[in-house]
Amino acid sequence: MDEGDRENHDLTEKTMVMRGGVVAEPALRIGHYLSFSENGATRRLRIGPGGLTIGRLATCDISFPVPEVSRQHCRVLAEGRGVSLVDLGSTNGTFVSERRISRPARLEHGSSFTVGHNLIRYERRDEREVAEEARLTSELRQAVEYVRAILPEPISAGPVRAEWWYVPSSELGGDAFGYQFLNETSFFGFLLDVSGHGIGAGLHAANVATVLRRRALPGVDFSDPGAVAAALNTMFPMEEHGGLMFTIWLFAFRTDTRSLRYCAAGHHAAFLATPAEPDAIALWQRAPSIGMLPARSWPMGEMVLPPDSRLYLFSDGAFEIIERDGTAWQIDDLRHVIGAGPTAGLGEAERLYQAVRAAAKPGPLDDDFSTLVVHFA
């Protein structure tokens, strides 16, 4: 083996004493890797002898198909125990430690750089360990796809229209939402957020959402959000579901009377935008989370909606973000974005995501981003 290969793989052999003799541990095979977020999961790509090119083109080794990334943005080459990062004349620059590089930059293990809003980390890792992580990541992606499969289709026409935007974080969270017509005049919807992260929280959210989608709460009137919350609390006590509880914002709307009934079980406020109100109205009722306490009733709010009203439901991942300067957002920051009003050619749910993504620090969001926007014509 030549010296370059020895540096690149850093082959090491260890021994451990076991009963009956000395057994050689498998040799470590150390490789160079870049890790980054892709479709809500962490992806790790090995840097081979030819290096990796990052850019907007699908032909790049790592492709970020967004306008702020150049067609061929930068390139990474393995060199001994580190890597060299080279900007390829990109329009918006490549940044290491928030400084734009103008010449090749040396990266050591644990160093990070940004391309557009994407945070990329360089690591030297044992190839067997990376293979095991890849297996676990595959399982996580399957869980993400399972959650996506139960999300409803947008509604683009009729007296009630609905759209949504869902982007899971690098670690699957517990967001889910849904809606449906109960009959010709009653429309029901919800957005929930399970405590914690990981596959368990994601599958619990999917389970609850499936119960609501199928209306599998015997004897419960789904036009009564408070009754739905009480029934969920009976069905999903946290001590019987791995210590998981969840918050949920439920609503029922009648198209004939334009009456909106809602219940916020441990959930933060939703916002209502109307043509007459320049600022979005916060809709909220103090109520316990689901599964936490043996409560039997949940208070409801009720109001009559004027024509052309829009209801915004979202998880806390839509506003609990950190900006580039380290400032923490509050829920009123998202309220101001909502109050700015629609953008021509852009759906409302996507508009909110783009605004949050632009304000947040580089890299994946810290939590799932889930937003449901319902338009009452």
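**Pocket linings and strand β23**

Colleague: Which elements each supply at least two residues of the lining of the largest pocket?

Modeller: In this predicted model, the lining of the largest pocket comprises 26 residues. Elements that each supply at least two of its residues are β3 (30-38), β13 (118-126), β14 and α6 (348-359).

Colleague: Which element gives the largest share of that lining, given that the largest pocket holds about 810 Å³ of space?

Modeller: Val66, Asn118, Val167, Tyr353 and Arg357 are the lining residues nearest the centre of the largest pocket. By class, its lining has 12 nonpolar, nine polar and five charged residues. The largest share, four residues, belongs to α6.

Colleague: Which strand gives the most to the lining of the second largest pocket?

Modeller: About 340 Å³ of space lies in the second largest pocket, and 15 residues line it, with Phe95, Glu98, Thr114, Arg324 and Pro362 nearest its centre. Both β9 (94-96) and β12 (112-115) supply at least two lining residues. With three residues, the strand that gives the most is β12.

Colleague: How many of the residues of strand β23 (residues 369-376) are buried?

Modeller: On one side of β23, Phe369, Thr371, Val373 and His375 are buried. On the other side, Ser370, Leu372, Val374 and Phe376 are likewise buried. Both faces are thus covered, and the number of buried residues is eight of eight.

Colleague: Which residue of β23 stands opposite arginine 310?

Modeller: Strand β14 (residues 160-167) runs antiparallel to β23 with eight bridges, one pairing tyrosine 166 with serine 370. Strand β22 (residues 309-314) is also antiparallel to β23, joined by six bridges. Opposite arginine 310 stands histidine 375.

How values were computed:
Residues are numbered from 1 along each chain as its sequence is written. This is a predicted model: local features need pLDDT of at least 70, side-chain atom pairs count only at pLDDT 80 or more; totals for chains, interfaces and linings use all residues. Side-chain values use heavy atoms; hydrogens and water are left out. Buried means under 20% relative accessible area, exposed over 50%, partly exposed in between (1.4 Å probe, protein chains only). Two strands pair if DSSP finds at least two bridges between them. On a 1 Å grid over the protein atoms alone, a cavity is a set of points where a 1.4 Å probe fits but cannot get out, and a pocket is an open set with protein on both sides within 12 Å along at least five of seven lines; lining residues have an atom within 4 Å of a point. Ala, Val, Leu, Ile, Met, Phe, Trp, Tyr, Cys and Pro count as nonpolar, Asp, Glu, Lys and Arg as charged, and the others, Gly among them, as polar. Grid points are joined across faces, edges and corners, and a volume is the space filled by probe spheres set on the points.
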